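Q: Please take me through the helices of this structure, and tell me what each term rests on.

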Amino acid sequence: MVDTPQVLPIVAAEEEMPHRGQLRLFLDALFRNKLSVIGLIIVVFMIGVAIFADVISPYDPNAQHLLTARLQPPSAEFLLGTDQYGRDLLSRIIHGTRISLLVGFASIAVATLFGIMLGSIAGYSGGLIDDAIMRVMDILLAFPGLILAIGILAVLGPSVVNVIAVIAIVSIPQVARVTRSAVLTQKEEEYVQAAMVIGLRTHVTLFKHILLNCLAPITVQATLLVAWAILTETALSFLGLGVRPPTPTWGSILFDGKDYILLNIWWMSLFPGLAIMITMLGLNLLGDGLSDALDPRSRED
Amino acid sequence: MTFWHYLAKRLVYALPVFLGISLVVFSLIHLIPGDPAIALLGDVATDEEIQALRQEWNLDKPLYEQFGIWIWHVLQGDLGRSLYTNQPVSEIIASRLPVTAILSAISLVVSLIIAIPAGILSALKRNSLTDHIARIVALLGVSIPNFWLGIIFIIIFAVYLRWLPPGGFHFDKGFWAGMEGMILPAGALGAAYAAITMRMVRSSMIEVLRQEYIETARAKGLSERQVIRRHAIKNAIIPTITVIGMQIGYLLSGAVLTETVFFMPGVGRELITALAKRDFPIIQGLILFFAAVFVVTSLIVDLSYAFLNPKIEYS
């Protein structure tokens, strides 16, 4: 490959100067927005809960108090009550954070990786390759996400790894789409046009520069997808298709609680849902804040 | 390009998508490790039963031939038969569909009744107390899983207050009994979608209010009320239609959960029941059905969007 020295300063300048300024502006906008800061705090807090679950849980999440404390309402001993095996709900919800966040982040990490690959290849090469990749993505997008996830899980059988894989597969098209359109926008930018006109042969370099500039919209999309992934994991576990018992997850606690709703055992249903709600709220606030901070028009407001 | 060209083009584009989704659904069965016939019937099946299923499903023929036969049957409305009751899958879907259709329709209406006025009001009174409250409620709405909201509704209104039935489908006991039974499920399902739609209405209304033609309308001496009625609302609703259309697909997946929570005999709960029994023809048929409904509604939405919006270029 031949390096074309005339071009490099252009590319380098584009990357260095306005870029750093952009990041600054973006971070300023993000942190000026109180709601997105609250979102960030919630997300960091939940990650903390997941990491230190063993330390902060008052009980072993799988320890049963079958004879002494079945289906106990919240009390000083069991702050959020107990389930049908006399297991402490607070401890189960705290440990449930682990699976929910693990599934949420891991599945979207995988989806982002493949989505960026497919989307950038499609956007960068265009033509037949673009068509081929995007038609396959269209087909995956033609299924309501949860339904496709249910269908694949029905075949693969329930397990943590399968749930992560399924949610990743369903999310890839979303990331690919966003990446592709960001790449297409970048391709019109002057620095890319200039490099192409001069005939820059180092596709790799160009590709890297384009991708770096596409990270922002991808990050927003990924944040919102993590929220969706956690919600989907919960739904799958609630339907009995997710992680196998006795591993506690928010969805599986709701699944267990379902049979006791009419007996007015409300705590098994209320508290896991609140945990989901708070996590979703954090991710949605953060996602909204990120996308506002990235939109120059709303920065002015 | 005229609207009719666009219509033709969209229909031609929809064909490979249909073919693609059928291929995905067809492949599901073949992703099961091992012999599909044994996997489907389980270890207890006799050799004759397995042989019969192989024959019925053409499992001994090459895959492309199996797919061809399968899709030929699907096009004729034959989605196979239940492994347990031998009832045709298309009949099962037809018998469960009204429940899901009624639930989805009422939920959609509920969500629109809440979302459109709230979104418009929130955009017009931007940064007022009304706006803040509406936005916080909407944010909670998108953060709450709708099936959990359903559970909470049951606990409050059916178990604690005893005002409404905790579930079931009661239209056989008369219209009002049926509607009464719909309040909680449609409320729970509609609330989540109201939140999404409201956010969309709000942002597109704000977008429209920024446009020059709004200034022009004001400059030409129209009252603020007329400006909003004649110009702003109409233009803000058009992009919302896309979102509403997309949601019909999500309403269907929401129905799977809501029907499970409220014990409603719709297609959604049928899917979950079939999953528990591993009744694959039903699972396959329902997933294909859900995807087809989703594709058709997206198509209708795109077309009506193109039809309603004079600015769009059919490309």
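Q: What makes Ala232(B) a bend in H10(B)?
A: H10(B) bends by about 35° at Ala232(B). The bend at a residue is the angle between axes fitted to the seven residues ending there and the seven starting there. The model is predicted, with local features needing pLDDT of at least 70, side-chain atom pairs pLDDT 80 or more, and totals for chains, interfaces and linings using all residues. Residues are numbered from 1 along each chain as its sequence is written, while chains are lettered from A and ligands numbered from 1 in the order in which they are written.

Q: How do you know that H10(B) falls short of a straight helix?
A: Set its span against the expected one. That is 1.5 Å times one less than the number of residues. For 38 residues, a straight helix would span 56 Å. The end C-alpha atoms of H10(B) span only 46 Å.

Q: What does Phe263(B) do just after H10(B)?
A: Phe263(B) takes a positive phi of about 50°.

Q: What makes up the secondary structure of chain B?
A: There are 12 helices and zero strands. Helices (H or I, at least four residues) and strands (E, at least two) are DSSP runs, numbered from the N terminus. The C-alpha atoms of chain B fill a box of roughly 85 × 60 × 35 Å along the principal axes.

Q: How many residues does each chain bring to the contact?
A: Chain B gives 37 residues and chain A gives 31 residues. Two residues are in contact if their C-beta atoms, placed from the backbone, lie within 7 Å. Several helices of chain B each supply at least two residues of its side, among them H1 (3–31), H6 (129–143) and H10 (224–261). That side has 32 nonpolar, five polar and no charged residues. Here Ala, Val, Leu, Ile, Met, Phe, Trp, Tyr, Cys and Pro count as nonpolar, Asp, Glu, Lys and Arg as charged, and the others, Gly among them, as polar.

Q: Which residues join H11(A) to H6(B)?
A: The axes of H11(A) (residues 267–294) and H6(B) come within 8 Å and cross at roughly 115°. Met277(A), Met280(A), Leu281(A) and Asn284(A) of H11(A) meet Leu139(B), Val142(B) and Ser143(B) of H6(B). Five of these residues are nonpolar, two polar and none charged. H11(A) passes H6(B) in a right-handed crossing. A crossing is left-handed if the near helix is turned anticlockwise from the far one by less than a right angle, and right-handed if clockwise.

Q: Why is H5(A) called oblique to H7(A)?
A: The axes of H5(A) (residues 127–141) and H7(A) (residues 160–187) come within 9 Å and cross at roughly 135°. Therefore H5(A) is oblique to H7(A). Angles under 35 degrees count as roughly parallel, over 145 as roughly antiparallel, 65 to 115 as roughly perpendicular and the rest as oblique. The crossing of H5(A) and H7(A) is left-handed.

Q: Which residues of H5(A) and H7(A) meet?
A: Met134(A), Met137(A), Leu140(A) and Leu141(A) of H5(A) meet Pro173(A), Ala176(A), Arg177(A) and Arg180(A) of H7(A). This contact has six nonpolar, no polar and two charged residues.

Q: Where does H7(A) kink?
A: A kink of about 35° lies at Ser171(A), shortly before the proline Pro173(A). The 28 residues of H7(A) should span 40 Å, and its end C-alpha atoms are 39 Å apart, so the two agree.

Conventions: Axes are lines fitted to C-alpha atoms, for helices over the stretch in contact, and angles run from 0 to 180 degrees between N-to-C directions.
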